[in-house]
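Please look through the sequence and the structure shown here. The report after them describes how the chain is built.

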Amino acid sequence: MECKYCKSKCIKKGIRNKIQRFRCVCCNKYQQLCYSYNTSKKDFVLIKTLNNEGVGISSISRIMKIPKTTVQRLIEIISRTLKKPELTETNQSYEIDELRTYVGNKKNESWLMYAINKSSGVVVDFAVGRRTKENLKKVVTSVIRLNPKKIYTDGLNIYNSLIPKPIHKVFQYNINKIERNNLTLRTHIKRLTRRTICFSKSEAMLENCLRLYVISNTN
């Protein structure tokens, strides 16, 4: 058998549930020729619901009695099929903020950067990664396209070069709504909790889970 990850040779490595398993001699990943699990629409709905209620991948795996790798694959599929709603609002006020989390361990910081409508609380756009000008620009650009009346941020210097000065307001108490939303996110999504060992192993999975949560709560 040829490894589906690195195309190297696989050797037989035991039998589980009457199915022959193989292990790659190069990358050491286990795999099998065919998988018997068939996904239904109910599974997609259940995974989306559990994810939005803050249930982690390991817990979803135990509840649904399917492998964790299957849960991760289904979350990725659902995330790709979801489309961001097209916002047509104009002349509104928005708040932009960053929320720190970690990927893998506490030495590897990752940030959730996002914008919300100041009055409705709807998430306009978000980005996951390092807190750099390039990543923040993605969020700011999505807001500026809506012809905003005002954009409120914290005192991060990067915003001064991204947001036109006439509509940019830096004031701590004017981002109370998004700061409160940060608490909601940390409460609902286990991987964003401050004191936790449930960090995401990859930024891609973190973004997929956030995409499920944000778009499901926007529609």
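The sections below go from the whole chain to its sheets and then to its helices.

## The chain as a whole

This is a predicted model. The chain contains 6 helices and 8 strands. In sequence order these follow the pattern β-β-β-α-α-α-β-β-β-α-β-β-α-α. The C-alpha trace spans about 65 × 35 × 30 Å along its principal axes.

The chain has 219 residues, and 42% of them count as buried. Its exposed area is about 13300 Å², with 50% supplied by carbon and sulfur atoms. Among contacts between residues at least 6 apart in sequence, 50% join residues at least 24 apart. The chain carries 43 positive and 16 negative charges, and the mean positions of these two groups are 9 Å apart.

## The sheet of three strands

Strands of a sheet pair through backbone hydrogen bonds, in either a parallel or an antiparallel way. One open sheet of the chain has 3 strands in the order β1-β2-β3, with antiparallel pairing. β1 (10-16) and β3 (30-32) each have a single partner strand and stand at the edges, so one side of each has no neighbour in the sheet. From one strand to the next, the twist averages 40 degrees.

Strand β2 covers residues 19-24 and is joined to β3 by 3 bridges. Across this pair, Arg23 stands opposite Tyr30 in β3.

## The sheet of five strands

Another open sheet has 5 strands in the order β6-β5-β4-β7-β8, and its pairing is mixed. Its edge strands are β6 (123-129) and β8 (168-170), each of which pairs on one side only. Neighbouring strands here are turned by 25 degrees against each other on average, if direction is ignored.

The parallel sense is found between strand β4 (residues 93-103) and strand β7 (residues 150-153), which pair over 3 bridges. Glu95 stands opposite Tyr152 in β7. β4 also pairs with β5, in the antiparallel sense and over 10 bridges. In β5, Ile116 is the bridge partner of Glu95. β5 is in turn joined to β6 by 6 bridges, and these two strands run antiparallel. In this pair, Tyr114 stands opposite Phe126 in β6.

## Two hairpins

What joins β4 to β5 in sequence? The two strands form a hairpin with 1 residue between them, and Gly104 in the turn has a positive phi of about 90 degrees. The hairpin of β5 and β6 has 5 residues between the strands, and there Gly121 takes a positive phi near 80 degrees.

## Helices on the five-stranded sheet

β4 pairs with β7 over 3 bridges, and two helices pack on the sheet that holds these strands. Helix α5 (residues 176-188) touches β4 and β5 (105-117), and its direction makes about 35 degrees with that of β4. Helix α6 (residues 203-218) touches β4, β5 and β6, and its direction makes about 170 degrees with that of β6.

## Helix α2 and its cover

Which residues of helix α2 (residues 57-64) are buried? They are Ile57, Ser59, Ile60, Ser61 and Met64. An α-helix has 3.6 residues a turn, so residues three or four places apart point the same way. The cover over the buried residues of α2 includes α1 (41-52), α3 (68-81) and α6. Just after α2, Lys65 has a positive phi of about 60 degrees.

Notes. Residues numbered from 1 in each chain as written. Predicted model: local features only at pLDDT ≥ 70, side-chain atom pairs only at ≥ 80, totals over all residues. Heavy atoms only, no water. Helix = DSSP H or I, 4+ residues; strand = E, 2+ residues; numbered from the N terminus. Buried < 20%, exposed > 50% of the residue type's maximum accessible area, 1.4 Å probe, protein only. Contact = heavy atoms within 4.5 Å. Areas by Shrake-Rupley, 256 points an atom, 1.4 Å probe, with all protein chains shown as cover. Lys, Arg positive; Asp, Glu negative; His and termini not counted. Charge placed at Lys NZ, Arg CZ, Asp CG, Glu CD. Pairing = 2+ DSSP bridges. Axes fitted to C-alpha atoms, helices over the stretch in contact; angles between N-to-C directions.
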